[in-house]
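Reader: I would like to learn how to read the contacts in a model of protein and DNA, with each term explained before it is used. Could we go through them in turn?

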Protein chains: 4
Amino acid sequence: MPGVQVKKEEKRRAIIEAAEKLFAERGIEDVSTSDIAREARVGKGTIYVYFESKEKLLKAVASSVYSSFVKDVRESLKDSRNAEEFLDMMVERVFRNMKTRGKLLYTFHRHLKSSKKDYEGFQKDYRTALKEAYERYKEEIGATFEEFYFFTTSFFMSSYIMAGEFEPGRIKEIVKAGLKKLLS
Amino acid sequence: MPGVQVKKEEKRRAIIEAAEKLFAERGIEDVSTSDIAREARVGKGTIYVYFESKEKLLKAVASSVYSSFVKDVRESLKDSRNAEEFLDMMVERVFRNMKTRGKLLYTFHRHLKSSKKDYEGFQKDYRTALKEAYERYKEEIGATFEEFYFFTTSFFMSSYIMAGEFEPGRIKEIVKAGLKKLLS
Amino acid sequence: MPGVQVKKEEKRRAIIEAAEKLFAERGIEDVSTSDIAREARVGKGTIYVYFESKEKLLKAVASSVYSSFVKDVRESLKDSRNAEEFLDMMVERVFRNMKTRGKLLYTFHRHLKSSKKDYEGFQKDYRTALKEAYERYKEEIGATFEEFYFFTTSFFMSSYIMAGEFEPGRIKEIVKAGLKKLLS
Amino acid sequence: MPGVQVKKEEKRRAIIEAAEKLFAERGIEDVSTSDIAREARVGKGTIYVYFESKEKLLKAVASSVYSSFVKDVRESLKDSRNAEEFLDMMVERVFRNMKTRGKLLYTFHRHLKSSKKDYEGFQKDYRTALKEAYERYKEEIGATFEEFYFFTTSFFMSSYIMAGEFEPGRIKEIVKAGLKKLLS
DNA sequence: AATGAATGAGCGTTCATTCAT
DNA sequence: AATGAATGAACGCTCATTCAT
């Protein structure tokens, strides 16, 4: 019965989204499973129908967030015709999702350390996506892949962390200018 | 009775250092006040003689860590004779303390969000120190202060976060090369 | 429609048997209704079609187990021609079913305390069956019915409880010898 | 400071006694740590100051119960001058403590199966005490030690289990008469 | 009749904080 | 000032039970 399946998936999605929202707002440890259940408008027990544990839910959220970053990278690569366009598009996309995704990215980074294996899986996808972009535009980029990887990732992470200290929009310009200087 | 005063300060110091060590090792949520008391070789109740709450202790530790960053900046400024030397020295100093300080820096960042005011106090000191350096070497630095602030801070934070993904030492070189490109 | 009736009874039976098996294996508290449903190959909700609650299911299982004891007694009585033969046969039959029945018997004992009434119903059947045997062989048995009842039941219960502390088979011999001494 | 120690031990004792009482009344799984705390008039957390877990508390209670059985045996041995006196005294003592101890004995028996090691430790003490008595009065006892052990233990356990089915006092007489027949 | 997704009461346990000593 | 025994709110999680399909 496909209807049921959809409903099931809807609930799973609702829980992930609620968790994502709350983790972004308050960090991981400060969000209880009850909080997530309330936000998702499901019973406390329902979370455990879909996820074995809070930790597993966390991984599902992390996976979803990392995927969105990877998507940002891949789509930028698809739509761009040169390195400059690619960087520009990627920055635009990343900043569009910055508010929730960004915070989570680094929240997870810290937390997932304990279960390195999962984290490394997510990270590898992200790294692979960046690698593809690098390979395509290698000739235009005046940097090794390691540098390319560090510079872009560093700026994206920091953008979130320091978002509050800059006027809105200003930080994006700084990142764009910085990457242009670093990578051409 | 000055002796007592000294002793008092010693105990306070011991608690902060114990907390700093454990927070760096295991993150904030995974360290209980009992752990800190044990590490500091004081009674559990003693912590509350010196600090109103775990949160207040956290702030004291954070303050201590931020101060050390500020010290890194100021000393580099004092010892250097031009922008390049300054950046070089600052990177060296920051990386020397990276292992514990770095981890704490970003651990606090998330945690202190709830009490923005404290965080902003720490941050202002750091920003002021960087500002002084910027003013001194302004002419040699091809960037606005905002850029200067974002680039350096971004790289320092990310260095810790991504430390595990690079060979030891490699990340410092990348940072140095990056800052040279960005700031001259 | 008798076919449906049969099917219905089959499902009821399957649930009881599944519960019996699992209770014997793991005790009552360590078996969830989900476990029983899985073992019986029915849906979780189906259990509640046939039984009002886990407690009621428990009683149904208990009833089934007690019946089997009663059956052991009655069959032994039917097949025997004197007290000695009767005791011998009863012990044989009881030990044949000891592994699952025995464990359940005393598992239930504790649990059913809360609903004394049900327990007393089961027990009365068992007592009645023993009474019949006693009446038939009264003259050969050198004990009151109370003693007869206590001695036999005591040994049967304890046999299970202490099974692990004796070599297999040894306990049966001890019971036989004991009963002979006590009852002739 | 011995005063503190005494107080500490008092609280530990209070918790064990509360647990003992409730376990005897309602079995192990039906008693929550909150129930025990309430009964012992301590905070819920206090239990965990003295016992690592509910399981560990359970073992402490079991140990206390088994010890009291062992004490019953040993004291009877000390005070008696022949097998008959010994059996008589032991039965008296065991029945004196029957109400709580007896129920617990078999409640634990069931539960401790999972952590056999602990259980075997307790049981060995009990068995050893009985062995000593057996050795002293061997010549008067017309049974092997295995029989002696099974008969006495069986009757003690069953006495509790079946206590409700007999008039008060009656069961003790049956046990005495039974043991006399079995062991002389 | 049969199902299993959904639920929330209640579990065992932790830990920041208090307070009598 | 210094302590650690004592506490209970709050946690992650389980499971008997309900109910829409």
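Reader: How many salt bridges does the count come to over all chains?

Author: A salt bridge is a side-chain nitrogen of Lys or Arg within 4 Å of a carboxyl oxygen of Asp or Glu, and by this rule the count over all chains comes to 76. This is a predicted model, in which local features need pLDDT of at least 70 and side-chain atom pairs count only at pLDDT 80 or more, while totals for chains, interfaces and linings use all residues. Residues are numbered from 1 along each chain as its sequence is written, chains are lettered from A and ligands numbered from 1 in the order in which they are written, and side-chain values use heavy atoms, with hydrogens and water left out.

Reader: Which parts does the salt bridge between B:Lys172 and B:Glu92 tie together?

Author: Helices here are DSSP runs (H or I, at least four residues; strands are E, at least two), numbered from the N terminus. The side chains of B:Lys172 and B:Glu92 meet with N and O 3.1 Å apart; B:Lys172 belongs to helix α9 (residues 170-183) of chain B and B:Glu92 to helix α5 (residues 83-96) of chain B, so the pair ties together parts that are 80 residues apart in sequence. For accessibility, buried means under 20% relative accessible area, exposed over 50%, and partly exposed in between (1.4 Å probe, protein chains only). B:Lys172, at 24%, counts as partly exposed, and B:Glu92, at 27%, is also partly exposed.

Reader: How far apart in helix α2 of chain C are C:Asp35 and C:Arg38?

Author: C:Asp35 and C:Arg38 are three residues apart in helix α2 (residues 33-40) of chain C, and are therefore separated by about one helical turn. Their salt bridge has its closest N and O atoms 3.4 Å apart, and C:Asp35 counts as buried at 17% relative accessibility, whereas C:Arg38 is exposed at 59%. Another salt bridge in chain C joins the side chains of C:Lys56 and C:Glu52 at 3.2 Å, N to O, where C:Lys56 is partly exposed at 36% and C:Glu52 is exposed at 64%.

Reader: What is the area buried between chain C and chain D?

Author: The size of an interface is often given as the accessible area lost when the parts come together. Buried area is the accessible area (1.4 Å probe) that two parts lose on being put together, summed over both, and between chain C and chain D it is about 3,500 Å², of which carbon and sulfur atoms give 59%. Contact means heavy atoms within 4.5 Å, and 40 residues of chain C are in contact with 40 residues of chain D. By contrast, no contact joins chain B and chain C, whose closest C-alpha atoms lie 32 Å apart, and none joins chain A and chain D, where the closest C-alpha atoms lie 21 Å apart.

Reader: How many salt bridges are counted between chain C and chain D?

Author: The count is four salt bridges, including one in which the side chains of C:Arg170 and D:Glu146 meet at 2.7 Å, N to O. On the side of chain C that touches chain D, the largest share comes from α8(C), with 13 residues.

Reader: Which residues come nearest to DNA strand E?

Author: A residue is near a strand if one of its heavy atoms lies within 4 Å of it. Of the 30 residues around DNA strand E, A:Lys44, A:Thr46, A:Tyr50, C:Thr46 and C:Tyr50 come nearest, and sugar and phosphate account for 61% of the atoms of this strand that come within 4 Å of the protein.

Reader: Where do polar atoms of chain C lie relative to phosphate oxygens of DNA strand E?

Author: A polar contact is a pair of N or O atoms within 3.5 Å; within protein, one must be able to donate a hydrogen and the other to accept it, and residues adjacent in sequence count only if both atoms are side-chain atoms. A polar side-chain atom of C:Tyr50 lies 2.5 Å from a phosphate oxygen of DNA strand E, and an N or O atom in the side chain of C:Thr46 is 2.4 Å from a phosphate oxygen of that strand. For C:Gly43, a polar backbone atom is 3.1 Å from a phosphate oxygen.
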